[in-house]
Amino acid sequence: SLAALLIDDSAILTPDTDFEFARKTIPEFVGHSFVELDLRANTGCTVVAIEQSDSVIADFGPHYTVQEGDTLIIAGTDQSREQLDSFVAEIGRNEL
């Protein structure tokens, strides 16, 4: 499972909130780096991994540029995931 790839046998501290992971393919992000998108500031979400074909990338930097076909594993609260949807819609209307 993805969780097994991302974590080891260490204790996991989970905040007492509605924090969840979501898998999203976001064509509007293709060609943009995480520095440009500034997701945490703009939405409150954090990208924790990237799925490409049959591999998972968990070690990437802020200058990673989203590629066609990337599926982002995004962590956030219900509210931050709603903000992400609004942010994606805004990008769709006005290019970054």
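The following paragraphs describe one helix and one sheet of a predicted model. Local features are described only where pLDDT is at least 70, side-chain atom pairs count only at pLDDT 80 or more, and totals for chains, interfaces and linings use all residues. Residues are numbered from 1 along each chain as its sequence is written, and side-chain values use heavy atoms, with hydrogens and water left out.

Helices and strands are DSSP runs numbered from the N terminus, with H or I over at least four residues for a helix and E over at least two for a strand. The sheet is open, and its four strands follow the order β1-β4-β2-β3 with antiparallel pairing, where two strands pair if DSSP finds at least two bridges between them. At its edges lie β1 and β3 (55-57), each of which pairs on one side only. Within the sheet, β2 (residues 46-52) and β4 run antiparallel and are joined by five bridges; T46 has A75 of β4 as its bridge partner.

Helix α4 comprises 16 residues, 78-93, and spans 23 Å from its first C-alpha to its last, close to the 22 Å expected at 1.5 Å a residue, a value obtained as 1.5 Å times one less than the number of residues. Its residues S80, R81, L84, F87, V88 and I91 are buried, that is, under 20% relative accessible area with a 1.4 Å probe and protein chains only, whereas exposed means over 50% and partly exposed lies in between. Seen down the axis of α4, the buried residues fall within an arc of 110°, so they line one face of the helix, the arc being that of the directions from the helix axis to the C-beta atoms. On the other side of α4, Q79, E82 and R93 are exposed.

The elements covering the buried residues of α4 include β1 (20-24) and β4 (71-76), together with α2 (34-37) and α3 (39-43), contact being defined as heavy atoms within 4.5 Å.
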